[in-house]
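Dear colleague,

I am passing the structure below on to you, together with some notes on what turned up when I went through it. Please read the notes with the coordinates open beside them.

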Amino acid sequence: MGIHWWSWQVVVPGLSLVVLVVATHLFVTPLVPTFSVDPNALVIHRINGTYEWNAERDRSCEKEHGAVVYRNATWKADVGCWLSQCGNSSFPIPVVEFWRNSCTFECDGRGVCNKELAQCRCSVGFSGVGCEKVINRKCNKGVTDEQPYGSWGVSVCPGFCDKRTAHCLCGNTTKYPDRPLAEACGFHSKGNTGEIDWTKADTDYIYGNKSYQGWCNLDAEDVHDKNIRVKLPQCDCKYDGQWGVVCESPSESFCINQCNLNGICHQGFCACRKGWYGVDCSVPSYLPPPVQRPKWLPQEAAPDVSDETNRISVASNIMKKRPLVYVYDLPAEFTTQFLQGRHFKFECVNRLYDVDNATIWTENLYGAGIALYESLLASEHRTTNGDEADFFYVPFLQACIVEQGDAAPHLTFQGKYMGLRQYFAGDYSKQIYFHIQQNYPYWNRSAGRDHIWFFPWDEGACSAPKEIWNSMMLSHWGNTNAKHKASTTAYRADNWDLIPPEWRGDHPCYDPAKDLVLPAWKFPDPYPIVQNLSSRHRQDRPTLFYFNGNLGSAYDNGRPEPGYSMGIRQKLAAEFGSQPNKKGLLGRQAVDDVVVQAQRSPQYKLELSKSRFCGVLPGDGWSGRMEDSILSGCIPVIIQDGIHLPFENVLDYESFTVRVAEDNIHNLITILKAINEAQVDSMLAVVRGLWQRFTYHYAVKLEANRQKLKLNKEDLWASVQNSLTGDDAFSTFIHVLEYKLHTDTWRSEMKQPLKNYGVPDNCR
């Protein structure tokens with residue numbers, strides 16, 4: 001739970017894989033360990049060049065030591081001990097991967113076949129087993145005489161409504177029919193106020209008049225050469241795949257794993273070329289030659305025994321290590337149709353592409369869902385054989401549906417859902433649950449306990465429907481509800497307290513015994529890595545404590561709600577604010593080496609790297625401050641009672657964080673100054689050893705490889721990310737699954753065929 005001001009525990013990570021040894025006289029200043037220590041008890045021994053388990057020390061490892069170092073990270077003893085023995089001694093096993101069945105008319109060119117169920121996964125605007133049904137969606141809702149375009153919504157349209165996507169376009173009567181006419185672009189403003197009049201279309205601007213060609217008829221050359229008026233930002237290119245002043249420049253759009261270069265990307269949907277299937281065109285209909293295999297099918301697999309000419313589906317033995325994860329190929333209305341229906345290209349994705357099709361990484365905080373999905377689909381831990389699978393990942397793109405809630409009439413969360421986005425999104429989760437239960441045998445055999453769902457929104461799985469709570473929940477918000485038993489957001493649309501209890505059930509937001517908190521997505525900025533900011537030592541960090549972020553209503557542009565951040569940020573500012581508030585006042589205990597400011601610094605990352613301790617406080621639920629701290633090499637100071645941070649139930653947080661109780665904020669500086677230099681150095685060293693676990697560089701490297709293949713170049717971000725060799729968030733997630741596979745006691749109660757688990761017997 002972090003180092004506390006009344007008791008410290010020191011961690012010293014070695015350069016090689018060693019067990020953590022804590023001794024009372026390790027430093028000049030005596031320390032008080034929280035457990036008895038046998039200095040001679042080395043848990044992990046190097047034997048024949050590898051690290052093997054010392055069974056005699058098993059008990060002392062788990063009960064006497066506070067942490068174990070494994071692959072440069074300090075783990076809780078039980079997890080670290082198991083991984084140190086069994087993580088290094090697991091071996092590949094043969095797994096049958098096979099593809100069978102076919103779909104009606106191969107989906108009539110409107111979708112991609114799920115060959116396991118013989119059902120089509122349809123592009124937006126189509127549905128049905130063979131994509132035979134056409135779906136018409138509206139752009140305008142609540143149309144009346146007084147409101148000829150209906151009440152405002154992101155999809156509101158004075159032009160042509162594309163009924164597949166509910167996007168607003170110029171239409172076939174114009175010179176550029178596919179040019180977007182999104183939201184405010186085609187409407188009048190009220191006087192000089194800038195306020196939009198949603199009842200009056202600006203037809204002169206849209207279609208032109210005697211003196212003006214009109215937005216939908218303008219040539220890009222005229223705009224650039226003649227300086228013709230364009231309404232910006234109202235008429236910018238909001239839809240994916242378009243750039244330029246009048247959206248004249250096409251680009252590649254976002255798709256899952258960019259279709260693995262085995263298909264064509266249509267704004268989020270992969271139209272796979274013949275012989276390839278799946279949401280990202282990564283499943284072949286036959287086992288290709290080694291050089292053509294997708295990443296999840298290793299080249300060491302069985303030789304190609306299929307008939308490439310006739311593309312006959314066959315079973316193939318593939319050598320893989322557990323844990324094996326089956327990724328559901330869900331109906332497209334739960335996955336890619338959300339991507340195709342985005343009204344703002346930056347929503348719910350972690351990258352876009354410029355006019356040269358070079359990668360543009362985004363700052364979208366919810367991008368971890370995409371990173372994890374793509375990583376699983378490409379990982380050698382993936383299997384298409386559900387009978388061999390150890391875990392089942394449900395790839396519901398929840399961030400997409402929450403961000404798009406109420407954007408179009410078919411996505412309204414009013415009425416039944418009472419304006420609650422999480423209730424609305426949760427109903428999709430329930431529909432997916434019914435789909436899985438009715439179409440696959442896997443849920444019922446474990447009551448869903450081996451299934452995994454990702455709830456990336458502000459308060460994580462608090463709003464999960466009761467039917468799926470048995471599953472492993474991934475989130476960014478580890479609220480155990482030990483203290484904060486109700487919704488902590490100040491934003492009503494996300495308040496899960498208002499969801500009917502008979503729908504949600506009575507579960508906590510997070511159960512550390514089964515769930516996992518993952519790091520949030522952070523833009524893969526190469527410059528802090530090139531400048532080695534995370535490796536600054538204590539002597540190069542003059543600032544004692546640093547926090548930069550929204551501090552509430554006392555400051556300009558601050559959140560007005562008293563409940564924002566549960567009032568924690570406001571308390572911190574009242575004590576230590578280093579920037580004058582609206583009244584011109586500093587915090588009561590403001591000092592020079594403590595920075596607490598509301599105005600975002602342009603040197604934010606650099607200032608973090610010059611600080612010893614950095615604040616980790618909530619916003620509307622989770623914030624990304626833990627990741628900011630770790631990636632800058634700063635010791636996180638966690639001020640949120642009973643709420644876990646990323647990997648806190650598996651990593652030894654006492655070795656690299658400080659926890660301060662919410663009611664003890666006024667003593668913050670006293671607490672931090674009481675931590676001696678040796679302890680600070682030790683914690684900084686631990687952060688330096690594990691910072692890559694708070695990145696998603698596995699997914700970033702996948703994109704770097706695609707860029708190399710497509711454009712034959714390697715940008716700075718790609719070369720820097722490719723240089724990283726430590727475990728990232730995805731590999732840490734796999735480590736946790738591996739541990740859970742062999743230690744979750746409920747698995748012994750399941751009735752299933754005996755499996756080859758690829759570990760020594762004493763690991764199970």
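The count of salt bridges comes to 30, and since this is a predicted model, that count, like every other value in this message, is computed from the predicted coordinates. As general background, side chains of opposite charge can pair when their charged atoms come close. One of these pairs is formed by D236 and K238, whose side chains meet with 2.9 Å from N to O. The two partners differ in their surroundings, because D236, with a relative accessible area of 33%, is partly exposed, whereas K238, at 11%, counts as buried.

A second salt bridge joins K710 to E252, the closest N and O atoms being 2.7 Å apart. K710 belongs to helix α17 (residues 697–711) and E252 to the loop between β15 (249–250) and β16 (263–266), so this pair ties together parts that are 458 residues apart in sequence. With a relative accessibility of 30%, K710 counts as partly exposed, while E252, with a relative accessible area of 18%, is buried.

A third one is made by the side chains of R559 and D620, again described by an N to O distance, here 2.7 Å. This pair also links distant parts of the chain, 61 residues apart, since R559 sits in the loop between β30 (543–548) and α12 (568–576) and D620 in the loop between β32 (611–616) and α14 (625–631). D620 has a relative accessible area of 11% and is therefore buried. Elsewhere, R351, E374, E703 and R706 are joined into one network by salt bridges that share partners.

Turning to the protein as a whole, there are 19 helices and 35 strands, and 60% of the 764 residues count as buried. The accessible surface comes to about 30700 Å², and 51% of it belongs to carbon and sulfur atoms. Among contacts between residues at least 6 apart in sequence, 64% join residues at least 24 apart.

Among the strands, six form an open sheet with parallel pairing, in the order β24-β21-β25-β26-β27-β29. Its edge strands, each of which pairs on one side only, are β24 (382–383) and β29 (516–517). Within this order, strand β21 (residues 325–327) and strand β25 (residues 391–394) pair in the parallel sense over three bridges, and V327 stands opposite Y393 in β25.

Among the helices, α2 (residues 77–87) is largely enclosed by the rest of the structure, because ten of its eleven residues are buried. The buried residues are A77, V79, G80, C81, W82, L83, S84, Q85, C86 and G87.

Two buried polar residues in other helices may be worth a look in the viewer. Q340, which is found in helix α5 (residues 336–340), has a relative accessible area of 4% and so counts as buried. Leaving aside residues up to four places away in sequence, Q340 touches S123, V124, R164, T165, H167, H266, Q267, G268 and F269. Two of these neighbours can be described further: the side chain of Q340 makes a polar contact of 3.1 Å with the side chain of S123, and a polar atom of the Q340 side chain lies 2.9 Å from the backbone nitrogen of V124. Q340 and R164 are 176 residues apart in sequence, yet their C-alpha atoms are 9.3 Å apart in space.

The other residue is S609, placed in helix α13 (residues 604–609), which is buried because its relative accessible area is 0%. Its side chain is joined to that of R536 by a polar contact of 3.1 Å. Apart from residues up to four places away in sequence, S609 touches L533, R536, D540, R541 and S632.

Finally, on the surface, Y527, V530 and L716 make a nonpolar patch of about 300 Å². Of these, V530 lies in helix α11 (residues 526–530), and because its relative accessibility is 52%, above the 50% cut-off, V530 counts as exposed.

With best regards

Key: Residues numbered from 1 in each chain as written. Predicted model: local features only at pLDDT ≥ 70, side-chain atom pairs only at ≥ 80, totals over all residues. Heavy atoms only, no water. Patch = residues over 30% accessible without salt bridge, like charges linked within 9 Å, V, L, I, M, F, W, Y side chains within 5 Å. Areas by Shrake-Rupley, 256 points an atom, 1.4 Å probe, with all protein chains shown as cover. Salt bridge = Lys/Arg side-chain N within 4 Å of Asp/Glu carboxyl O. Helix = DSSP H or I, 4+ residues; strand = E, 2+ residues; numbered from the N terminus. Buried < 20%, exposed > 50% of the residue type's maximum accessible area, 1.4 Å probe, protein only. Polar contact = N/O pair within 3.5 Å; in protein donor to acceptor, adjacent residues only side chain to side chain. Contact = heavy atoms within 4.5 Å. Pairing = 2+ DSSP bridges.
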